[in-house]
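Here is a short briefing on sheets, the helices that cover them, and a nonpolar core. Please keep the structure in view while reading.

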Amino acid sequence: MNEGLMAETYIARSTAIAARVLGGEMMIMSAADSTFFTLNEVATVIWQAADGRTPLSEIVERRICEEFEITPDVAQHDAEEFVNELSQHGILLVSDQPILDSKAGTR
Amino acid sequence: MTTPSTLESAGLHEVAVEIGGMPIVLRTGDAEFRALLEKRYAGFVRRPGAAAFGLDVDVVRPDRQICEEEDLEVWYDGGLWRLERGDFQAEWDPRVGQGRLAQGVSPYAIDSVLRIVHSLIQAQAGGFLLHGASAIRNGKAFLFSGVSGAGKTTISSLIPNDGVLLTDEISYVRRDGEAYRACGTPFAGELARLGENASAPIARLFFLAKGGENRIEPLETPDALRMLLRNILFFADDPELVKMVFRSACDFLARVPAFRLTFFPDARVWELIQ
């Protein structure tokens, strides 16, 4: 697990992406490396909630656990994995501070 | 016998090559190159007129090195697209639709430059060029995309007599309001046959696979999008261009159904395509 995610984590959608809901599924392409992702229902909720101001733990607690009936530990673990993967491709920006500018994340 | 135009008298030759309804006037001072263009793009040459796009071609001597980089590089710099490969060097201004090209007398360089320039023009217009064959039958166009060896040439060679081959290699997809049209291209593959300069509304997109029987299966949209993006001609590693191509591909799949076409290579496959 990424130790950086142990602290409060804020996530924001990068502007260097193209995204579209097609056939009921969220599809995202990195404009930086053309990597293509299809998000499942849970990942889509996290993606849509990634406003840079809401902590990931709050997104998990209020959106994921309640809407999908997943235990907090499992939901947090899955969310962190998802965030790590997308952040590696520059699709999600991650910071331990609220992100005001989604063009620049801190890690 | 024709009378030389004022331009020709001044040593400037113009050939307008219209692909996908987009004429690009190629201007050159080399009469031999003009003749080569007219032969290479026969069927796609029209009278030079008030075309929106133009390219000044400087035909360089065979002994002059054009570019050190052998591999193709395309990048956006200072408002211009820059295109370089061992056999050509070009720049294209998308704001005014004009560019310059330095190349030898070979047709391969201009062919590549035209593919790139058309893909850039179409990216802004919501269309794209696709690795794929296309054909018109009964007033409808069908696209057949796939990687090398998937069957583009085979399916093209099996088109019934009442069908029109648009290309066996590079399909030209234009946005036409809320629909899409496939247009013929002179970009030939193994069939070595130029497509017809014709167009029709696209009815279906097929991703090809060879098999022991003929079968058509609908594709889930994410799979279709992934396959489509893999086969769209995409030359530049540019974020804004990536976004445009992605949007175009999504818009296209929202309007044109995509299928996997597994086929046994004989003419019966065309009985399924309608």
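In what order do the eight strands of the open sheet in chain B run? The order is E3-E1-E2-E4-E8-E7-E6-E5 (chain B), and the pairing is mixed. The model is predicted. A three-strand open sheet in chain A is described further down, together with helices of chain B that pack on it.

**The eight-stranded sheet of chain B**
- Strands E3 (45-46) and E5 (73-77) of chain B form the edges of this sheet. Each has a single partner strand, so one side of each lacks a neighbour in the sheet.
- Strand E1 (residues 13-19) of chain B runs antiparallel to strand E2 (residues 22-28) of chain B. Seven bridges join E1(B) and E2(B).
- Opposite Ala16(B) stands Val25(B), in E2(B).

**Helices on that sheet**
- Helix H2 (residues 31-40) of chain B lies across E1, E2, E3 and strand E4 (53-59) of chain B. Helix H2(B) runs at about 20° to E1(B).
- Helix H3 (residues 107-125) of chain B lies across E1, E2, E4 and E5 of chain B, and also across strands E6 (80-85), E7 (88-93) and E8 (98-103). The angle between helix H3(B) and E7(B) is about 25°.

**The three-stranded sheet of chain A**
- This open sheet has the order E2-E3-E4 (chain A), with antiparallel pairing.
- Strands E2 (17-22) and E4 (36-39) of chain A are at the edges. Each pairs with a single strand, so one side of each is left without a neighbour in the sheet.
- On average, neighbouring strands of this sheet are turned by 20° against each other, direction ignored.
- Strand E3 (residues 25-30) of chain A and E4(A) run antiparallel and are joined by four bridges. Ile28(A) has Phe37(A), in E4(A), as its bridge partner.

**Chain B helices on the chain A sheet**
- Helix H5 (residues 221-231) of chain B lies across E2, E3 and E4 of chain A. It runs at about 20° to E3(A).
- Helix H6 (residues 239-255) of chain B also packs on this sheet, touching E2 and E3 of chain A. The direction of helix H6(B) makes about 10° with that of E2(A).

**The largest nonpolar core**
- The largest nonpolar core holds 115 residues. Val17(B), Val113(B) and Ala249(B) touch the most other members.
- Domain 1 (6-125) and domain 2 (128-271) of chain B each give at least three residues to this core.
- Leaving out residues up to four places away in sequence, Val17(B) touches Pro23(B), Ile24(B), Leu26(B), Leu37(B), Tyr41(B), Phe44(B), Val45(B) and Leu114(B).

Terms used. Residues numbered from 1 in each chain as written. Chains lettered and ligands numbered in written order. Predicted model: local features only at pLDDT ≥ 70, side-chain atom pairs only at ≥ 80, totals over all residues. Core = buried A, V, L, I, M, F, W, Y, C linked by C-beta atoms within 7 Å. Buried ≥ 20, exposed ≤ 12 C-beta atoms within 10 Å, placed from the backbone. Domains from an automatic or database assignment. Contact = placed C-beta atoms within 7 Å. Pairing = 2+ DSSP bridges. Helix = DSSP H or I, 4+ residues; strand = E, 2+ residues; numbered from the N terminus. Axes fitted to C-alpha atoms, helices over the stretch in contact; angles between N-to-C directions.
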